[in-house]
Amino acid sequence: MEIFLQLLFSFIFTACFGVIFNAPTKAIPYCGLVGSIGWIVYYVLMDYGVTTEVQSSFIGAFIVAIVAQIFARRFKMPMIIFNVSGIIPLVPGGIAYNTMRNIVELDYNLGIQNGMRAFMISGAIAMGLVFAEVIIQLVMRMFNKGKTSMQTYARAKRREKGGHL
């Protein structure tokens, strides 16, 4: 039951951020789905003690980027529409808030600890997004026999004009 509630609320939360970021109307439910998938991966890994919060954030962001890429190709929309709202549940906002609160309260040791946690989690999210993008590009290049998307586009244009390969 708890996992169902986590899925439901992360879907609603992420879809609402899709609205705030002016995602196209037909993409909003899929933005919610991307975020809920990323969050549930993070939640399950943390709940069962499989990984640390940094590793869970990396894996969650990696999954978000892969699902966002699939939806971007499926709906012919930019990947960033799904990525931005999809990573929102993973962002360590509460930890960053506690960092600032600790520093204002002159508890520098705890502030530095929380700041490093927030920094590590944020870096893990960025690395998860980048690694997924690189892996997807490598796989797509392998399927396209080493051709980049621009080479494929240029070849298709030459065919339309009746040019040679």
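**Exercise 1. Find the salt bridges and say what they link.**

Solution. Glu105 pairs with Arg101 in a salt bridge, with 3.7 Å between the closest N and O atoms. The criterion is a side-chain nitrogen of Lys or Arg within 4 Å of a carboxyl oxygen of Asp or Glu. This is a predicted model: local features need pLDDT of at least 70, side-chain atom pairs count only at pLDDT 80 or more, and totals for chains, interfaces and linings use all residues. Residues are numbered from 1 along each chain as its sequence is written, and side-chain values use heavy atoms, leaving out hydrogens and water.

Next, count. The rule gives two salt bridges. Arg117 and Glu53 also form a salt bridge, and their closest N and O atoms are 2.7 Å apart. Arg117 sits in helix 6 and Glu53 in helix 3, so this pair ties together parts 64 residues apart in sequence. Helices are DSSP runs (H or I, at least four residues), numbered from the N terminus.

Last, check exposure. Arg101 has 36% relative accessibility and counts as partly exposed. Arg117 is partly exposed too, at 35%. The cut-offs are: buried under 20% relative accessible area, exposed over 50%, partly exposed in between (1.4 Å probe, protein chains only).

**Exercise 2. Test whether the length of helix 3 fits its residue count.**

Solution. Take residues 53-75, which are 23 residues. The expected span is 1.5 Å times one less than the number of residues. That gives 33 Å; the end C-alpha atoms are 32 Å apart, which agrees. Then look past the end: Lys76, just after helix 3, has a positive phi of about 50°.

**Exercise 3. Describe the surface and spacing of helix 6.**

Solution. Start with the nonpolar surface patch. Its members are Met127, Val130, Phe131, Val134, Ile135, Leu138, Val139, Met142 and Phe143. Together they have about 880 Å² of accessible area, from the Shrake-Rupley method with a 1.4 Å probe, where for residues only the protein chains shown count as cover. Patch residues have over 30% relative accessible area and no salt bridge; nonpolar side chains (Val, Leu, Ile, Met, Phe, Trp, Tyr) are joined within 5 Å, like charges within 9 Å.

Now place one member. Ile135 belongs to helix 6, residues 108-143. Ile135 is partly exposed, at 42% relative accessibility.

Then compare two distances. Phe119 lies in helix 6 and is exposed, at 60%. Phe119 and Val54 are 65 residues apart in sequence, with C-alpha atoms 9.7 Å apart. Ala126 also lies in helix 6. Its C-alpha is 42 Å from that of Lys161, 35 residues apart along the chain.

Methods. Helices (H or I, at least four residues) and strands (E, at least two) are DSSP runs, numbered from the N terminus.
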